[in-house]
Amino acid sequence: MPLPTRNSQGLYPETPSQTAGPFVHIGLALDVAGLTPREQEIGSNIASAEAEAEGEGEGEGEGEPIEIVGTVIDGNGDTVDDILVEAWQADAHGVYQTDYRADRAFRGFGRTAPGANDAGVWSLHTIKPGRVAHPNGQPMAPHINLMLFARGINIHLHTRLYFDDEHEANMACPLFDAVPPSRRDTLIAHREQDGAKPRYRFVIRLQGPRETVFFDF
Amino acid sequence: MAQNDRTAFVMRDRSWHPRPYAPAYKTSVARSPQQALVSLQTPTASELTGPDFDHFALGLYDNDLLLNFRPGTEQDGLPIGERLIVYGRVVDQYNKPVAGTLVEIWQANAGGRYRHKKDAYRAPLDPNFGGVGRTITDADGWYRFRTIKPGPYPWPNDVNSWRPAHIHVSVMGPSISTRLVTQLYFEGDPLIPLCPIVHTLDDPDAVDTLTARLDMAAARPMDCLAYRFDIVTRGALQTYFENQS
Ligand SMILES: [Fe+3]
């Protein structure tokens with residue numbers, strides 16, 4: 001295929017997106033499709049004690065272990081049960097570890113999708129991220145960057161998950177300057193239980209009066 | 001290959017990408033945001049970094065869909081269908097190679113059936129075909145797969161909607177800003193202009209960039225035909241901040 005013509009600024013156009021479709025899992029979440037996982041897969045364990053025990057720990061797994069459970073709701077109020085979610089987050093020190101190693105305790109990147117019996121609920125096992133510096137020098141509140149792919153989503157959606165028990169940090173997060181105040185709470189996940197592993201629930205609404213904020217950058 | 005958070009990217013031209021709300025593609029109606037995207041005037045490390053899979057351990061047959069569903073059993077179990085090499089380069093908008101990036105593909109078999117629990121199309125599964133592959137681009141941005149040509153398949157949209165033959169393609173790029181999932185179509189397929197998903201793109205030139213070209217020079221005589229599909233990710237703008245070092 002020849003490269004497309006350069007545009008007026010002398011740039012080649014980016015390859016256009018197309019929907020990931022209903023069978024995205026066969027490519028990106030094999031277990032959900034019913035396929036046997038390969039030797040290494042990008043899974044929903046972004047940080048895990050198990051990997052740490054297998055060596056290469058070096059403290060990458062440090063931080064508070066948490067579980068994220070989420071749902072994506074469409075404009076009809078139906079749960080999008082064929083969603084694929086990708087997550088990218090900083091470590092407990094607020095540092096993005098870009099060198100992905102499947103055998104490390106902290107991987108920073110993960111993928112999740114609801115299984116057949118999960119009623120559209122997906123989950124991530126991770127640690128609470130630290131605070132990442134905004135270019136203006138202020139620390140951002142802890143957050144996880146999420147990308148959504150599915151049938152009917154023609155170009156993936158970017159959002160961020162913040163934590164309701166980080167209220168003070170959230171109020172001071174420079175990112176929220178870009179978000180209309182009335183919509184800020186669409187980015188907040190809610191802590192459901194205390195225990196060995198706190199769980200946060202995050203509801204993403206694709207449409208409607210409480211439509212989640214999606215970002216362009 | 002990941003990069004540091006001092007490099008920003010050429011803005012995404014959303015009028016070139018598919019329309020999120022495209023009523024002829026029915027599922028998009030309830031799944032497309034109705035509010036404008038919130039533009040981050042100042043991208044942060046969160047947007048400008050991403051996972052680097054250069055050290056991800058891939059299996060020997062991960063990019064060979066002819067063999068990877070039953071690796072090592074070539075003698076008794078090859079998939080049915082037109083044998084193809086699908087290859088190309090991943091470059092950015094300045095034509096710079098995107099090296100060491102993860103490229104993943106998935107597709108239906110020659111009959112148009114996915115090996116997915118939820119695919120109930122009457123075409124049979126192929127016992128020798130899984131339909132999933134992945135690879136990492138080399139230093140010059142090249143990637144390469146061996147596979148079979150997927151079949152078209154019907155889908156519930158209009159009464160008689162058929163997808164053109166296509167391979168789903170996922171590219172990570174150097175940061176989550178460059179993340180891209182798309183579909184590769186095949187030159188000359190008469191179903192391309194009939195497809196509501198293709199028509200989520202307004203510009204015929206955009207469709208053209210998703211159409212892989214038959215490449216006889218790369219074909220293997222008496223073995224495989226070849227299709228070339230180059231992928232362009234967002235251009236990296238150098239030194240977003242002054243480099244202090
Ligand atoms: Fe498909």
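**Entry 1: the iron site**

I count an N, O or S atom as a donor if it sits within 2.8 Å of the metal, and water is not among the atoms, so a site may look incomplete. Keeping in mind that this is a predicted model, I looked up the iron ion. Its donors are B:Tyr114 (OH), B:Tyr153 (OH), B:His166 (NE2) and B:His168 (NE2), at 1.9 to 2.2 Å.

Next I checked the geometry. The angles among the 4 donor atoms run from 90 to 164 degrees, and the site comes out as irregular. For tetrahedral, all angles would have to lie between 85 and 135 degrees.

Along the chain I noted the donor spacing as Y-x38-Y-x12-H-x1-H. B:Tyr114 is in the loop between strand 4 (102-107) and strand 5 (132-136) of chain B, while B:His166 is in strand 9 (residues 166-171), so this pair ties together parts 52 residues apart in sequence. Buried or exposed, I asked of B:Tyr114? It is buried, at a relative accessible area of 0%. B:His166 also counts as buried, at 1% relative accessibility.

**Entry 2: chain A against chain B**

I moved on to the interface. On the chain A side 79 residues are in contact with 90 residues of chain B. The two chains bury about 7700 Å² between them, with 59% of it on carbon and sulfur atoms.

How many salt bridges cross between chain A and chain B? I get 8. I also get 44 residue pairs in polar contact, both partners at pLDDT 80 or more. Several elements of chain A each supply at least two residues to the side touching chain B, including helix 2 (30-33), strand 5 (143-149) and strand 6 (157-163). Helix 1 of chain A gives the most, with 5 residues.

I pulled up two cross-chain bridges. A:Arg111 pairs with B:Glu104, the closest N and O atoms being 2.8 Å apart. A:Glu14 and B:Arg12 meet at 2.7 Å, N to O. That pair runs from the segment before helix 1 of chain A to the loop between strand 1 (8-9) and helix 1 (27-31) of chain B. Both A:Glu14 and B:Arg12 are buried.

**Entry 3: salt bridges overall**

Searching the whole structure, I find 26 salt bridges over all chains. Within chain B, B:Asp202 bridges to B:Arg19 with 2.8 Å between the closest N and O atoms. Those two are 183 residues apart and link distant parts of the chain. B:Arg19 counts as partly exposed, at 31% relative accessibility.

I also logged B:Asp230 with B:Arg228 at 3.0 Å, N to O; both residues are buried. Last note: bridges with shared partners join A:Glu64, A:Lys128, A:Asp165, A:Glu166 and A:Arg191 into one network.

Note on methods
Residues are numbered from 1 along each chain as its sequence is written. Chains are lettered from A and ligands numbered from 1 in the order in which they are written. This is a predicted model: local features need pLDDT of at least 70, side-chain atom pairs count only at pLDDT 80 or more; totals for chains, interfaces and linings use all residues. Side-chain values use heavy atoms; hydrogens and water are left out. Donors are N, O and S atoms within 2.8 Å of the metal (3.2 Å for Na, K and Ca); water is not among the atoms, so sites may look incomplete. Four donors count as tetrahedral if all angles lie between 85 and 135 degrees; four count as square planar and six as octahedral if opposite donors are over 155 degrees apart and all others between 65 and 115; anything else is irregular. Helices (H or I, at least four residues) and strands (E, at least two) are DSSP runs, numbered from the N terminus. Buried means under 20% relative accessible area, exposed over 50%, partly exposed in between (1.4 Å probe, protein chains only). Contact means heavy atoms within 4.5 Å. Buried area is the accessible area (1.4 Å probe) that two parts lose on being put together, summed over both. A salt bridge is a side-chain nitrogen of Lys or Arg within 4 Å of a carboxyl oxygen of Asp or Glu. A polar contact is a pair of N or O atoms within 3.5 Å; within protein, one must be able to donate a hydrogen and the other to accept it, and residues adjacent in sequence count only if both atoms are side-chain atoms.
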